[in-house]
Amino acid sequence: MSGRLLRIAVLYWVVAVSWGIYMGATKDFAQVPVHAHLNLLGWVSLGLCGLIYAKAPHLAETRLAKMHFWLHNLGLPPLMIAVSLIVNGHDDVGGPAAGIFSVVVGLGILSFAVNLWLGGFPLPARNPAQIEAAANPARA
């Protein structure tokens, strides 16, 4: 999971920097919100999550980690399109879409937060013997 998050974070970074270069070259800065969100929600957030999963690999194998990855990455590109529509004056379409996809990304981020909180960082919340004992109280 760590490697996947880091690779996709770098992809978002390349897109965001390219977008910034384009805005600078054309001197049209209307898309700054898209550029900023790609950098922060794509490059920075996913990169940090990838580093956290590298430091705490027990968190990377959970269902919550998979939910985080997919919700975040299925929600972010259409959210960026929606924000672009909004800044170009198409609030009627962009506004509702941004609302929906913000919730999708937010649920992904919530999945990461719950995973980190419940799973323990940087070490598991419980050692394997405690987990086994909790799962099979008759054997303890």
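In which kind of crossing does H4 pass H5? The crossing is left-handed. Keep in mind that this is a predicted model. The briefing follows helix H4, which covers residues 63-87, and then looks at how H4 sits against helix H5 (91-119).

**Helix H4: length and bend**
- H4 runs for 25 residues, and the distance from its first C-alpha to its last is 36 Å.
- That span is close to the 36 Å you'd expect at 1.5 Å a residue.
- There is still a bend of about 30° in H4, placed at leucine 76.
- A proline, proline 77, follows that bend within four residues.
- Just past the end of H4, glycine 89 takes a positive phi of about 85°.

**What H4 buries, and what covers it**
- The buried residues of H4 include Ala65, His68, Phe69, His72 and Asn73.
- Further along H4, Gly75, Leu76, Leu79, Met80, Ala82, Val83 and Ser84 are also among the buried ones.
- Leucine 76 thus turns up twice: as the site of the bend and on the list of buried residues.
- If you're looking at the spacing in that list, recall that an α-helix has 3.6 residues a turn, so residues three or four places apart point the same way.
- The cover over the buried residues of H4 includes helix H1 (2-26), helix H2 (32-55), helix H3 (57-60) and helix H5 (91-119).
- Tryptophan 70 also lies in H4, but is partly exposed at a relative accessible area of 46%.

**H4 against H5**
- Two packed helices are described by the angle between their axes and the distance between the axes.
- For H4 and H5, the angle is about 155° and the axes are 7 Å apart.
- Because of that angle, H4 counts as roughly antiparallel to H5.
- Tryptophan 70 and glycine 108 are 38 residues apart along the chain, yet their C-alpha atoms are separated by 7.4 Å.
- Likewise, glycine 106 and leucine 71 are 35 residues apart along the chain, with 8.3 Å between their C-alpha atoms.

**Two residues to look at in H5**
- Glycine 106 has its place in H5 and is partly exposed, with a relative accessible area of 33%.
- Asparagine 115 is in H5 too, but its relative accessibility is 3%, so asparagine 115 counts as buried.
- Leaving aside neighbours within four places in sequence, asparagine 115 is in contact with Tyr53, Leu59, Thr62, Leu64, Ala65 and Gly120.
- Of those partners, Ala65 is itself one of the buried residues of H4.

Methods: Residues numbered from 1 in each chain as written. Predicted model: local features only at pLDDT ≥ 70, side-chain atom pairs only at ≥ 80, totals over all residues. Heavy atoms only, no water. Expected span 1.5 Å × (residues − 1). Bend = angle between axes of the 7 residues up to and from the residue. Buried < 20%, exposed > 50% of the residue type's maximum accessible area, 1.4 Å probe, protein only. Contact = heavy atoms within 4.5 Å. Axes fitted to C-alpha atoms, helices over the stretch in contact; angles between N-to-C directions. Parallel < 35°, antiparallel > 145°, perpendicular 65-115°, else oblique. Left-handed = near helix turned anticlockwise from the far one by under 90°.
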